Structures are given as structure tokens and as C-alpha cells.
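Today I am looking at how protein and DNA meet. Here is what I opened on my screen.

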Number of protein chains: 2
Amino acid sequence: MEYTIQSLASLAGVSTRTLRYYDEIGLLPPARINSSGYRIYGQAEVNQLQQILFYRELGVRLDKITELMTAPSFDVGKALEDHREKLIEKRDRLNLLIANVEKSLALTEGRTKMSDKEKFNGFKKKLIEDNEKVYGQEVRGKYGDEAVNQSNAKLLNMSQEDYEKVTKLEQDIRTALAESFLTGDPESELAQKAADLHKQWISYYWPQYSKEAHAGLAQMYVADERFTAYYDKEQVGTAEFLRDAILIYTK
Amino acid sequence: MEYTIQSLASLAGVSTRTLRYYDEIGLLPPARINSSGYRIYGQAEVNQLQQILFYRELGVRLDKITELMTAPSFDVGKALEDHREKLIEKRDRLNLLIANVEKSLALTEGRTKMSDKEKFNGFKKKLIEDNEKVYGQEVRGKYGDEAVNQSNAKLLNMSQEDYEKVTKLEQDIRTALAESFLTGDPESELAQKAADLHKQWISYYWPQYSKEAHAGLAQMYVADERFTAYYDKEQVGTAEFLRDAILIYTK
DNA sequence: TTTGACCTTTACGTAGCGTTAAGGTGTATG
DNA sequence: CATACACCTTAACGCTACGTAAAGGTCAAA
């Protein structure tokens, strides 16, 4: 299949000016020039353009792309794998930004607090600076990075202060629960304190607190074995006890 | 908290040149100038800068940003919601690109075929062209409040029949989730199906279903490591993916 | 008092095109 | 046949969002 400049441009979603410019700088010369001086592109150019657009999407400068693609060691398969990795990183960054915007929304509604540092989560793009390392060199970390990335994402989104509070709340809940469980009375002051702590705790994670949802979660603490196992770890029956305390609390 | 130009720059991950330029074009003048002529930024400027960076991330031109943010009708909450929407669109585009690169990889290995048109999937960005529509206009569809489900409270004790249904639902969710995760797109039909199945599932436990509570639970799926561990057991990132799917589902 | 990390303004440079302008080519239609 | 019209060409200037000096004030610590 052969393409004129416009047909290739509209195929790829770029302007004809862009294609002429890429020709001008030697990044993507057409396969041939016909008798009227028209640029004619072929299959190889289609594939090269795709490569170029991947690099461009990742913020690589055009002269760098030229350098990379004209190198004798250029390996399409390897390049594609690099693209994949970088695109996933970029998506992760976007996920951070989305988490950021969501927390900022909660902030405007007074549902949470946010440190100034948090407000710029996801914006700092070492990504582009790192392009040289990634595309210039061979070595890269393994896929384990992704797991680390994602687990960090949730912590990053929480200020250090918040994180400490949440951790302390978890501890307090466990203590209050263990003690009040001994009384056997979910209406007792201590059991209700545990329920209240629990409310505070979920308030860190939920966009807005409601009694119904809290009660619903309590039901699930018994229905869902994941929870049951967690709460009953020390003492069988604790999950059920907490559920009862919360049901009373939210009544 | 007050910031000098450099402290704000490093906080936000931009250059001091950028901040001076933003001052120069009237996009972000400092809160005040001290006796030595230094720019001093305050809390309001921190928040404005965050807004600016969101717009910039989405490819909005600086003069347009100035125009938007100095308008008397500018509403931070509304802007943030727009950001969220556009960021999600951008992430969707990235997911397309990732799918594209993966298919291209398969192509180089001779495992598949690919039309020239497919090769540019995800590159065409109507995104930026649409910015005016999204940011230029005021009116946005307000998501209509769904009539509250006034059904009776669910009984904790399930019938044998219910139990089987619930067990099957759990299995279905896992399957739908695992499959849709591969697409990487929480808006995909399959991912939304998973979210719907999840709704049915919690409806067995909750006294009444509400979108807010559902969304809240979704948040917790990422925030609470018990859930995260459960969903990420087979595939890291699944909890996050489910959260995104539910957040879209409940929007 | 000197160092060195800050800050200032001014000004020129740049990447990656967008946008005319002035003109040639190809073909379908009156 | 001509003429309209959608294509193509080169040339050249313009633009955005800064990067990068250069030349010089400010300020806390040594």
C-alpha cells in the first residue's frame, strides 16, 4: 500500500506539515518522490511513523528519535517493549494524578486534609528526564517495580500525618475491641468506643460517612471471611462482636 | 505557610523560570513582593498552581488557563471534576496505546496481523480539541439522584439458595475481573459488568444499596491491605482496577 | 568580611510545528 | 476545451513555553 502525504497524515492523525517537517529533519523521508515531486510513502514508512509517534508520546525529542532509529543496533521488538514499559509508567502517573484530583475534591468539600506536598502528587515527572537512561542504555529494573509503584501510590496519597493517625486508630480499635469483648456486652461503653474509633477509621477511606454504609460494612465483617479471619485472629467471635457494637452504634 | 520562588518550585516540581514566566504573563502573580524584591507565595498561590498544573497536564494553553481562572464564574470544585474526567479520558487513551504496543509486539513476532489503521490506535487525540467544549462551557449534566431503594433490610441469615447465589457471584466477579484486567480499561464493558456483579454481591449483605457506600467500599479496596491482598493475589493491581471500575460504575 | 546560596531583571535561543503565500498537478465536470 | 477544485510543492515567518546565560543585588553563616 502506498500513501500520499495527506492519506498517511489522516491515517496517523498528524498534519501534513508534520510529515514534511519530519522529512526536512531527516526523521522520516518518503519512500520515493514521484514525477511531479509528490512524496510517496510505503509500508516501511507507516511502521516507522508508528515508532516515531510512540517515542513522541513519551516526550522524546525528535533529534533523539532520529538518532535512535537510524542506529544500526535499532531493534523494533526491543523498542516496542520499552514503549510498553514507559507507557505503563505514564499510566501509573496518571493514576496518581487522578487520586490527587479526587483527594483535592474531598478537600474542597471539607472532607479531608491535604498537605501542600500532596497537592503536587503525580506532577513531578522524572519520567522524561529518565528517558535517556531508558532509551539510551540497555539496563532496566524488572517488572517488580510495578508492584512497588502501586503500593506506594496509596501511601503517597496519604500525608505522613494521616498515615500515622490511621495506624494508631487501627491499634486503638484492636485494643478496645479485645478488652470490651471480655465484657461480652456490645452495648458497653468500651464497645461503643470501639465502634466510634472504627467510624473515625473508615472516615479516612470513605468519601463520606453514612450510618447505613457503616452498618452495611459491619454486616460484611461477619459475612466476609476475609474480615472474619482478620478480627477473629486473636479471639474467635470478635468480628461478630464488632458487628453488633456497630449495629448498635449506628442505630 | 509562605514560600520563596525556589521552595515553591521544588515543591511543585517546576522550574523557577516557569514561576517567573507565570508571573510575567499574569497567570500566577506572587502573593506579595518583599522589601528586597523577592517573590513571596502563599497558600492561595499553592492551590492556584495546582490548578494550573492540572490544566497544563491536559494540554490547555496558558492564556486559556489565565482566562478560565480569572473568570468570576470560576469554580474550583467544578474545575476539579472536569480535571478528573479529562484525566480519566487521557488514561483511557493510554490504555489504547498500551494495547496497541502489545499488538504491535505480537506483530513483530508473527503472532498476529494488524491493519495500518490499527497501528495508529490511540494516537489520534481528539482530547485536546475537545478541551474547549469541556472547559469552555458551563453546563454539565448533573447526575440524577437515583430513587433510594426502600426495600426491607436484608436478613443476615441466608437461605441455602441465597448462599449458593452469593458463592456463584463471587466466582463470577473473580472471572470478570481477571479477564477485564487484561484490557486495562475499567470503563470497558466487562469491567463494568464486574462492577455490576459486585453491586449484586454486596446487596446481599447490605441493608440497602447506595452508590455512595459502594464507591466508599471501592476506595477501601485499595486503602485496606486485607482487600488489596485478596484481590491482588492472582494479579497485582486488580484491587485498584476494581476500585476504578466501581467508581466509574457509581458515577 | 567574605563566601555561597539565594534572589532579581533582561534578553536571546529553542523545538515543533501552525500558518500564510505563491504556485504547480490531476481529474471530473460543464 | 477550459475551468473548477482538491490536491501537491517550497519558502518563510510566527508562536508557545519555557531553557539558558549574563550581570548584578540580598542574606545568613563562617
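Before anything else, I noted that a polar contact is a pair of N or O atoms within 3.5 Å; within protein, one must be able to donate a hydrogen and the other to accept it, and residues adjacent in sequence count only if both atoms are side-chain atoms. I keep in mind that this is a predicted model, where local features need pLDDT of at least 70, side-chain atom pairs count only at pLDDT 80 or more, and totals for chains, interfaces and linings use all residues. Residues are numbered from 1 along each chain, chains are lettered from A and ligands numbered from 1 in the order written, and side-chain values use heavy atoms, without hydrogens and water.

**Entry 1: DNA strand D**

I looked up a phosphate oxygen of strand D and found an N or O atom of the B:Tyr22 side chain 2.6 Å away. Backbone atoms take part too: a polar one of A:Gln6 is 3.2 Å from a phosphate oxygen, and an N or O of B:Leu62 is at 3.0 Å. Around this strand I count 18 residues (near means a heavy atom within 4 Å). Which helix gives the most to this surface? It is α2(B), with 4 residues (helices are DSSP runs of H or I, at least four residues, numbered from the N terminus).

**Entry 2: DNA strand C**

Here I found A:Ser15, A:Tyr22, A:Ser36, B:Arg20 and B:Arg39 coming nearest. Sugar or phosphate holds 72% of the strand C atoms within 4 Å of the protein, and bases hold the rest. The B:Thr4 side chain has an N or O atom 3.0 Å from a phosphate oxygen. For this strand, α2(A) gives the most, again 4 residues.

Definitions and conventions: Helices (H or I, at least four residues) and strands (E, at least two) are DSSP runs, numbered from the N terminus.
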